Amino acid sequence: MPDSMPLPLNYLWDELLKVSIIFQRPVVQRQFLAVILTTLLAWSISRWIWSQLRQRYPQLNIDEDCNQRLEWKQYGLTVIQYLSTPTLVLGAGSIVTLLFQQWGWFAGYLTDSLNVIAFFLLYRLCVGALFIFLPISFVKRLRVLFLGPLFFVCIICYTLSWFFDLRQLAQVNVLTLFGESILLKPLFISILGLYFWNMGVFLFEDLLLRIFQGQGFPNPRIRHVVSLLLRYFLIGLGMVLIFGYVGVSPTAVAAISGGFSVGLGFGLKEVISNFVSGIWLLFEGALKPGDIIKINGDISQVVRLGVRATMVQVVKDNSEEIIPNQIFFTQNVSTLTGSNNLVFLSLVVGADYDCSPPKVIEVLLSVAHDHPQVLEMPPPSAFALNFGDSSIDYELKFCIADPLIFKVVTSELICAVWQAFADHEIEIPYPQRDLHIRDGGLQVSSPPH
C-alpha cells in the first residue's frame with residue numbers, strides 16, 4: 001500500500017469542479033472545437049477514399065470471418081484502411097496547430113492532442129502489421145478484446161493527466177472495508193488488471209490451439225486438456241499476482257472468508273463436485289468434443305467439455321444442454337463413439353408363410369448391401385426369428401459409421417425393403433382373426449396355418 005495518506009472522496013469532486021471551470025474558458029473551448037472539427041473532416045475524407053478503393057478493387061475485399069492470412073494486395077488495402085484516418089487527422093491537426101501559433105493563440109491542448117493522434121497512428125500500424133503473421137479472425141478478436149481497450153485506457157490516463165495530478169488522484173479513498181481504506185489506484189488496477197489478464201489468457205489459449213492444429217497435433221483430447229488446464233492455472237496465477245501487487249490485506253481476506261465459509265461450503269458443494277468431476281473427465285479421456293452419447297434418454301453430441309459443466313447438442317431438436325460434470329459419474333451414460341464410431345442397428349419385418357425363408361433372407365441382405373451407408377465390414381446379416389401368428393418374423397442386422405444418421409438410414413431401409421418385397425412378390429401380411437358366433441357369445445380365434 002502507498003505510504004502517503006489517503007485523500008477523502010471530496011478531493012475528487014473538488015478537482016472535477018476545477019476542470020469544469022477550465023472548460024468554460026474560451027481559449028480552451030476554441031482548441032477542443034478545432035480538434036473535433038478537424039477529426040470529423042479527416043474521418044469523412046478517409047471514409048470516402050476507402051469507399052472508392054472498395055469499388056475499384058471489389059475482389060480484394062476482406063472477409064471478416066476468414067481464418068486465413070491476407071494476400072499482399074489485400075494487406076496493402078488493409079494498411080490504407082488502418083492508417084488513412086489517423087494520418088489525415090495528424091496532418092490536419094498539425095496545420096491547425098501551426099495556424100493557432102501563427103495567430104498568437106494558445107495551442108497547448110492542440111499539441112497534446114497531436115500526441116494522442118500519433119499514438120493512435122502507432123497503434124493502428126501495429127494492428128495492421130499483425131495481419132501479416134496471424135489469421136484475420138484472430139487479429140480482429142485481439143483488437144476488440146485486448147488491444148483496443150488497452151489503447152483506450154492509456155489514452156484516458158494520458159488525457160486525465162492534462163487536468164489532474166494522477167499521483168494525488170490515486171490516493172483518493174473510495175470506501176473503507178473492515179477497517180482498511182480502498183484507494184482508487186488499487187481498485188483501478190484490480191479491475192483492469194483482472195480484465196486484461198483474463199482476456200490475454202483466453203487469446204493465448206486460442207492462439208495455442210491454432211498452433212497445435214496447424215502443426216497437426218495428433219491427439220485432440222490432449223490438446224483440449226492442456227489448453228484448459230493452462231487457462232485455469234494462468235487465471236489463478238494472475239489473480240494472486242494482481243491482488244498481491246495492489247496489497248490486498250490478508251486480514252480483510254480472512255474476515256471475508258471466515259464470515260462466508262459456512263455459507264460458501266454449502267453453496268459451493270455442487271460446484272466443487274463438478275470441478276473435480278471435470279478434472280477426472282479430462283484426464284481419463286472418457287469424453288471429448290465430438291463424442292456421441294446417450295443421456296437422459298436423448299442422443300446428443302458433446303460440443304464443449306469444461307471443468308464445471310459439459311455442453312451437448314441434442315440431436316432430436318438441435319437444442320444445447322449444459323450438463324454438470326458430476327452427472328457423468330452418478331448416472332449411466334452410454335457413448336456411441338467410445339472406442340469407435342460403429343453403430344449396430346436392426347430392422348424387424350414379417351413375411352408371409354408362403355414365402356421361402358432363404359429367399360426372404362436373400363432379399364433382405366441384398367437391400368442392405370445396396371445401401372451406401374451400410375458398411376460391408378462387418379457385413380450385414382439376416383435371421384429368421386420366430387413363427388408369428390400370421391407371419392414369419394425376420395431381423396436384418398447392419399452397421400453404420402455415423403451414429404447421427406441412424407434414423408435416416410433405418411427409414412431408407414424400411415422403404416427399400418418394402419419395395420424389394422413388392423418386386424419379389426413377398427407379402428407382409430396383416431394380423432388375422434376368425435370370428436365364431438355361438439349361442440354362448442362371441443369367440444375369437446386365430447386361423448389355422
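Two strands count as paired if DSSP finds at least two bridges between them. The exercises below use a predicted model.

**Exercise 1.** Find what joins strand 4 to strand 5, and how the two strands run.

*Solution.*
- Step 1. Locate the strands: strand 4 covers residues 298–305, and strand 5 covers residues 309–314.
- Step 2. Look between them. A hairpin makes the connection, through 3 residues.
- Step 3. Check the pairing. The strands run antiparallel, joined by 5 bridges.
- Step 4. Pick out a facing pair: Arg-304 is opposite Met-311 of strand 5.

**Exercise 2.** Follow strand 5 into strand 6 and describe the turn.

*Solution.*
- Step 1. Strand 6 spans residues 320–324 and runs antiparallel to strand 5, with 5 bridges between them.
- Step 2. Ala-309 faces Pro-324 of strand 6.
- Step 3. These strands also form a hairpin, with 5 residues between them. In the turn, Asn-318 has a positive phi of about 60°.
- Step 4. Now judge the cover: 5 of the 6 residues of strand 5 are buried.

**Exercise 3.** Test whether the span of helix 4 agrees with its number of residues.

*Solution.*
- Step 1. Helix 4, residues 108–133, has 26 residues.
- Step 2. At 1.5 Å a residue, the helix should span 38 Å.
- Step 3. The end C-alpha atoms are 39 Å apart, so the values agree.

**Exercise 4.** Classify Ile-45 as buried, partly exposed or exposed.

*Solution.*
- Step 1. Ile-45 sits in helix 2.
- Step 2. Its relative accessibility is 39%. Buried needs under 20%, exposed over 50%.
- Step 3. Ile-45 therefore counts as partly exposed.
- Step 4. Ile-45 helps make a nonpolar surface patch of about 540 Å². Helix 2 gives the most to this patch, with 4 residues.

Conventions
Residues numbered from 1 in each chain as written. Predicted model: local features only at pLDDT ≥ 70, side-chain atom pairs only at ≥ 80, totals over all residues. Heavy atoms only, no water. Buried < 20%, exposed > 50% of the residue type's maximum accessible area, 1.4 Å probe, protein only. Expected span 1.5 Å × (residues − 1). Patch = residues over 30% accessible without salt bridge, like charges linked within 9 Å, V, L, I, M, F, W, Y side chains within 5 Å. Areas by Shrake-Rupley, 256 points an atom, 1.4 Å probe, with all protein chains shown as cover. Salt bridge = Lys/Arg side-chain N within 4 Å of Asp/Glu carboxyl O.
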